[in-house]
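Reader: Hi! I'm new to reading structures, and I'd like a close look at a single part. Could you walk me through the place where the two chains meet, and then through the chain behind that meeting place?

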Amino acid sequence: MLIGCPYCGPRDVGEFTYQGDANRKRPDPASPAGAEWERYVYERTNTAGEHREYWQHSGGCRAHLVVTRNTVTHAISSVTLVRGDDA
Amino acid sequence: MSGRRANAGGQVDRTRTIRFTFDGKPMTGHPGDTLASALLAGGVSVVGRSFKYHRPRGIFSAGVDEPSALVTVVNGAVREPNVPATAIDIFDGLVVESQNRFPSLGFDIGAVNGLFGGLFSAGFYYKTFMGPVVGPLKGTRFWMLCEWFIRRAAGLGRAGHATDHARYERMNAFCDVLVVGSGPAGLMAARAAAASGKQVMLAEQDPLPGGSARSSGETIDGMPAAEWAARVAGELAAMENVRILPRTTVWGYYDGNVLAALERVSDHRPAEKGEPRHRHWVIRAGRVVLSTGAFERPLVFPGNDRPGVMLAGAAQRYAGAFGVLPGERIAVFANNDTAYRAAAALHRAGARIAAIVDVRREVSAAALALAVETGAEHLPGHAVVATSGGNALKDISVQRFDAATGALPGETRRIEADCLAVSGGWSPAIHLASQAGGAARWDERLQAFLPPEPSKPWLGAGAFTGAFTTQEAIVEGLAAGAAATGQKPSRRKPPQVETADLDVAPAPVFEIDAKGKAFVDLQHDVTAEDVRLAHREGFVSVEHLKRYTTLGMATDQGKTSNVPGLAIMARAAGKAIPEVGTTRFRPPFSAVSLGSLAAERHGDLRPERLTPMHDWHAEHGARMLAAGLWFRPQIYGLPGETVEQAYVREAAAVRDSVGFVDVSTLGKIAVQGPDAGEFLDRVYTNMFSTLSVGKARYGLMLREDGLAFDDGTTWRLGEHEFLMTTTTANAGKVMQHLEYLLDIVWPELRVHLTSVTDQWAGAAVAGPKARAVLAACVTGTAVDNETLPFMGIVRGEIDGAPVTICRLSFSGEMAFEVYCGAGHGLQVWEALMEAGKPFGMVPYGLEALGTLRIEKGHVTGSEIDGRTTARDLHLDWMLSKKKPFVGSAMMDREGLTAPERLQLVGVVALDNRAFGNGAHLVEAQQDPADPHGSIGHVTANCFSPALGRYVGLALVKGGKARHGSRAWLSDPLRKRFGPVEIVSHHMFDPEGSRMHG
């Protein structure tokens, strides 16, 4: 699999580290443990199809990217920098 | 079998002789020979014994499809078992042993297994050994009794225990077009693709290119096919944009058009200096042309495993490519025309063709003409129903055969033959296409599975697609090469093949169902009857059939047996073959060395991280320990000292006077920016924004789930600048954790992170005399208590090199960490050593470092093990209540605050003997054979010179409440049992008076 890093160009997946579901929202840090934190820390969707996820170019520029990947075909439809991502 | 070298023919160099040994017996061959061709030329018939029944087995094929002739290659103490003799290139000094025989190949005691055939039929293990114990000779207990004998009797080669010192390496490559296989189709595809100027790689698993052309005996463009292939390959090799990889098997097809290949660089000769044995290729290809050819299938009939029975194409290969005749008097048994070409080739090479037995009544005119040429007795509408001979074929029995019903009318007749060449049709080698995705398609005419529709950017050509004639292969290859590079097909006339006009479609006959053991999978000894038995017992799915009978699950992965097995299953079920279905092929296509997969991750290609003082350590007697990729001194042993004596001496020196230790491996992260303090408040459990410039603080990080993650000190070097230290092992993880938080969670924070681990060398000077040592060598600053209080930071110079010194202590003594630029590391270290001489300062290693911290109850990764909380480690004083931090929401959950959690304690051995990490603690002495009721486990241990006892740290249920109580050490693995006392983890100087001194 190749990931097109906006800084470094298309690079082998081995240079990247998967950093999880990009749809998660971190709860208010001051809020106590509860359903919202449980969801954030433990619960993951197991999407068959388009999935937004974080990847870090850890073997390169170290930027975090939002990659939209089809989990069935591994086809990547979009790669953007997290800083500058409007989500 | 009485094979011999023919007078002419083949691509071997008859002017040179190669000497090797087989089972200790000296043998010879020529350059270009495989082990199999050399053994055949030497008249060897039995090469191995079969898996279950220990039947004698010979050479069955001429390639990686070989199910029978598996051998062990012996290289000094290193043994590589289960290598097909057909895939070994011989060289001078090669040592090979046969397998699975006792006491010898010729006479094997295990062959009596054959007399108890019923015992070892499909599902034998499940039926005999599984389930509850019912009676004396059944069930799992019985299995345990029999296992030793069965494992000895049924099996393959024996792996050695010696370390393999061969080098393996990995190569990443890119190309526009990767052509897999260099038969006529592959050569033409490479040529057409190369004409575009694009980058082309051509991988061939054999030593020489040419594929079928090496032995087809056909004429291409007026030349013998082998010569034509060599010429085309030579032209390709001369092109700058073509790279040919001989002895390279493409074995895996992955997403993104990435393919894995194994190049056998120096298996066939001694490696040159620096050269690897194997090279693992990861090839990213724009397009792939699969021209991997086809595997011939055997026919299944009683006695089809006898040495001397081989595939017809293989027999032709031995004559055409190696100039070896597998027999003097050869019979042929086929369901298709291609065997006639083999017969003719063997005849031309000098063998006598005794008979051609064909299950079909009618054969093509071209085939008939070839039969006439050979002078063989032609027996259409016949089948072979038995073979005889002990360790070598003597004769075959034939009978009239009705291909439509499978009936065998009339009497049997014996025909003398020392080799039987069998052809049951051809199966395209669709493995890579199947790996790439998609289901194979059954072709009724060719009676074969054809590749799926491409789901990835690959194109097929030649026999791989079912184009079984050379002329078709050439045309398809040219088209595929052009298409792969976006060119229009060339109008030039393709190379012309002169050959017999044979009908490539076989009759739909897979098995001759006569009396006797007829093998489908020769390597796993699975018979046609086993397949039917599995069907009778209800195994209808082909996947279940495979697992129950182990058909196709041997090292050859059923290359010759899959389709016949399916056909027999389909017939038993009264279904058509495509209804039964086929299994999907998975990587690897053929055996891959584990060394090549590990490549740079072990041995001399594994990266090593060395501190600037590494050589000094080595020169001063340090025994080095690997810590991740780092190497750190374990002890600096004096002559004759044990490890324990050395670390006890080093630790005692620190408590008595002074010692110093290389701490360069600690993770170091520069945290800079206006919001650096705020950032640290959020990632550490305690406050950092309030820390004064020029001071350091011990910090603890949690994970989001509230468990402890890492600890270390962070120094405030300026208003907006911090230097964070992490544990050596977690440096990378902490960096990634912080980057994630900054990029994703708090992008609004103005903070920049830089890993500076390698930029700073560090030494910790510890002991009552530590300050005196520094005072003797540091210039530009005072180091007295006022200037450099506990957790204070100063900058100065040592021997002219700038240093930053922080007074902090891991050992519990008065201690200082001295950091300097890595380039000054050795200089500063040596200056410290010089300054320490009057005080008897010693360098100390990891063991002494561990001893000092165990005495003090300081935690490391052994205690911060991903399961412990700050409270478990008595670090709750570090949990700020004034601010949220990573983990603060989740750390107070019920399960993480339960009183029965494992908590950090100290343990003291009451029998004054050493004990080990991982030993369990139980409440009272118990039967060593029945350990139970663990209340916790030991995480660290040492002999404490300060306390004069063997002590340790442990995580124990209820922790603190057990202080002062006794427990019992239970370590059945190391047979160490004994009484211990549970104490506070602060075992030495609990008030900390020494470090504040």
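Author: Here is a walk through the contact, followed by a tour of chain B.

Keep in mind as you look around that this is a predicted model.

Let's start with who takes part. Chain B brings 21 residues to the contact, and chain A brings 26 residues. What area do chain B and chain A bury between them? About 2,000 Å², and 50% of that is on carbon and sulfur atoms. If you wonder why anyone would quote an area here, the size of an interface is often given as the accessible area lost when the parts come together.

Now for the charged pairs. Between chain B and chain A, the count comes to five salt bridges. One of them is worth finding on your screen: B:Glu704 pairs up with A:Arg26 in a salt bridge, and the closest N and O atoms of that pair are 2.6 Å apart. Polar contacts can be counted across this interface too, and the rule finds 13 residue pairs, with both residues at pLDDT 80 or more. Which helix gives the most to the side of chain B that touches chain A? That's helix H19, residues 731-745 of chain B, with eight residues. Sort the residues on that side of chain B by type and you get 12 nonpolar, two polar and seven charged.

Next, step back and take in chain B as a whole. Chain B has 997 residues, and 58% of them count as buried. You can pick out 24 helices and 53 strands in chain B. The C-alpha trace of chain B spans about 110 × 75 × 55 Å along its principal axes. As for the surface, chain B exposes about 39,700 Å², with carbon and sulfur atoms supplying 55% of it. There's also a nice number about how the chain meets itself: take the contacts in chain B between residues at least 6 apart in sequence, and 66% of them join residues at least 24 apart.

B:Ser37 lets you see this kind of thing up close. You'll find B:Ser37 in helix H1, residues 35-41 of chain B. Is B:Ser37 buried or exposed? B:Ser37 counts as buried because its relative accessibility is 0%, and the cut-off for buried is under 20%. Setting aside neighbours within four places in sequence, B:Ser37 is in contact with B:Tyr318, B:Phe322 and B:Val324. B:Ala85 is 48 residues from B:Ser37 along the chain, yet their C-alpha atoms are separated by 8.5 Å.

Finally, some backbone details in the loops. B:Gln557 isn't a glycine, but it has a positive phi of about 55 degrees. B:Gln557 sits in the loop between helix H12 (542-549) and helix H13 (562-573) of chain B, and at 38% relative accessibility B:Gln557 counts as partly exposed. B:His874 has a positive phi as well, near 60 degrees. Look for B:His874 in the loop between helix H22 (846-856) and helix H23 (894-897) of chain B; with 13% relative accessibility, B:His874 counts as buried. Last stop: the peptide bond from B:Pro587 to B:Pro588 is cis, with omega near -5 degrees. B:Pro588 belongs to the loop between helix H14 (577-580) and helix H15 (594-598) of chain B.

How values were computed. Residues are numbered from 1 along each chain as its sequence is written. Chains are lettered from A and ligands numbered from 1 in the order in which they are written. This is a predicted model: local features need pLDDT of at least 70, side-chain atom pairs count only at pLDDT 80 or more; totals for chains, interfaces and linings use all residues. Side-chain values use heavy atoms; hydrogens and water are left out. Contact means heavy atoms within 4.5 Å. Buried area is the accessible area (1.4 Å probe) that two parts lose on being put together, summed over both. A salt bridge is a side-chain nitrogen of Lys or Arg within 4 Å of a carboxyl oxygen of Asp or Glu. A polar contact is a pair of N or O atoms within 3.5 Å; within protein, one must be able to donate a hydrogen and the other to accept it, and residues adjacent in sequence count only if both atoms are side-chain atoms. Helices (H or I, at least four residues) and strands (E, at least two) are DSSP runs, numbered from the N terminus. Ala, Val, Leu, Ile, Met, Phe, Trp, Tyr, Cys and Pro count as nonpolar, Asp, Glu, Lys and Arg as charged, and the others, Gly among them, as polar. Buried means under 20% relative accessible area, exposed over 50%, partly exposed in between (1.4 Å probe, protein chains only). Accessible areas come from the Shrake-Rupley method with a 1.4 Å probe; for residues, only the protein chains shown count as cover.
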